[in-house]
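Trainee: Got a minute to go through this model with me? I'd like to reason it out from the coordinates.

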Amino acid sequence: MEELHMAASAYYRNASNELRQRATEFFNSMDTNGDGGVSFNEFVQFFVQNGYNWIDPNLFRSLDRNGDGTLDFFEVLTFYYILKTRGVWCDYCRICLMGLYFTCVACFDNARGNTYDLCSTCYGARRHQQQHPHHNYFLDSYVLLRAKAGLPLLAGAPNLQQALVQHAPNISQQLIFFSFLLLLLPL
């Protein structure tokens with residue numbers, strides 16, 4: 001969660017005034033009593049009112065970095081970043097994939113908006129062989145992005161994963177642009 005907090009803070013620091021205003025409006029929409037913090041009840045109320053069907057009971061505690069029982073602006077900013085950028089779920093166990101995860105290369109190449117993604121636990125246990133036996137090449141999210149961009153995994157080293165994927169020109173720019181657009185969209 002710390003890495004997500006750092007990413008959200010970095011985006012915020014480098015954002016336009018308009019994007020910063022949207023983040024403030026998002027925070028204010030969750031802080032329904034206006035006390036400058038989001039309680040657990042306000043957090044749950046946000047999920048219910050916005051039709052989200054997943055409430056991880058540990059998410060609030062993970063976001064609450066100082067453990068005071070309320071989320072301050074930057075803790076909510078991390079949540080906002082998660083909502084905008086982490087809409088990926090493990091196709092086996094259905095947990096939200098907020099960190100590193102594995103994607104079927106063949107499905108990614110033919111995605112049409114739908115990939116086959118697994119958490120590290122499910123991929124490590126080879127659970128894809130039960131539900132997804134026809135595709136055997138998976139890359140983690142970091143390696144997939146580097147491979148699609150045609151970049152080496154290590155400086156000066158050949159990209160051995162390139163043999164597993166069909167090169168798609170400019171996919172990295174498209175993914176970065178798509179991620180940026182998600183941050184611009186209002187909830």
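Mentor: Sure. Let's start with a cut-off: a disulfide here is a pair of cysteine sulfur atoms within 2.5 Å. And keep in mind that this is a predicted model.

Trainee: Okay, so how far is the sulfur of Cys104 from the closest cysteine sulfur, and in which residue is that one?

Mentor: A disulfide is a covalent bond between the sulfur atoms of two cysteines. Cys104 is buried, at 1% relative accessibility. Its sulfur is too far from the closest cysteine sulfur for a bond: the gap is 3.6 Å, and the partner is Cys107.

Trainee: How many disulfides does the count come to?

Mentor: Take Cys90, which is buried at 0% relative accessibility. The nearest cysteine sulfur to that of Cys90 belongs to Cys93, 3.7 Å away, and Cys90 is in no disulfide. With the 2.5 Å rule, the count comes to zero.

Trainee: On to α2. On which side of the helix are the buried residues, the same or opposite ones?

Mentor: The buried residues of α2 are Leu19, Ala23, Phe26, Phe27 and Met30. They cover an arc of only 100 degrees around the axis, so they sit on the same side.

Trainee: And which exposed residues does the face turned away carry?

Mentor: Look across α2 from its buried side. The exposed residues on that face are Asn17 and Glu18.

Trainee: Last one: how far apart are the C-alpha atoms of Tyr92 and Gln131?

Mentor: Tyr92 is in the loop between α5 and β3, and its contacts include Gln131. The two are 39 residues apart along the chain, yet their C-alpha atoms are separated by 7.9 Å.

Conventions
Residues numbered from 1 in each chain as written. Predicted model: local features only at pLDDT ≥ 70, side-chain atom pairs only at ≥ 80, totals over all residues. Heavy atoms only, no water. Helix = DSSP H or I, 4+ residues; strand = E, 2+ residues; numbered from the N terminus. Contact = heavy atoms within 4.5 Å. Buried < 20%, exposed > 50% of the residue type's maximum accessible area, 1.4 Å probe, protein only. Arc of directions from axis to C-beta. Lists of a residue's contacts leave out its neighbours within four places in sequence.
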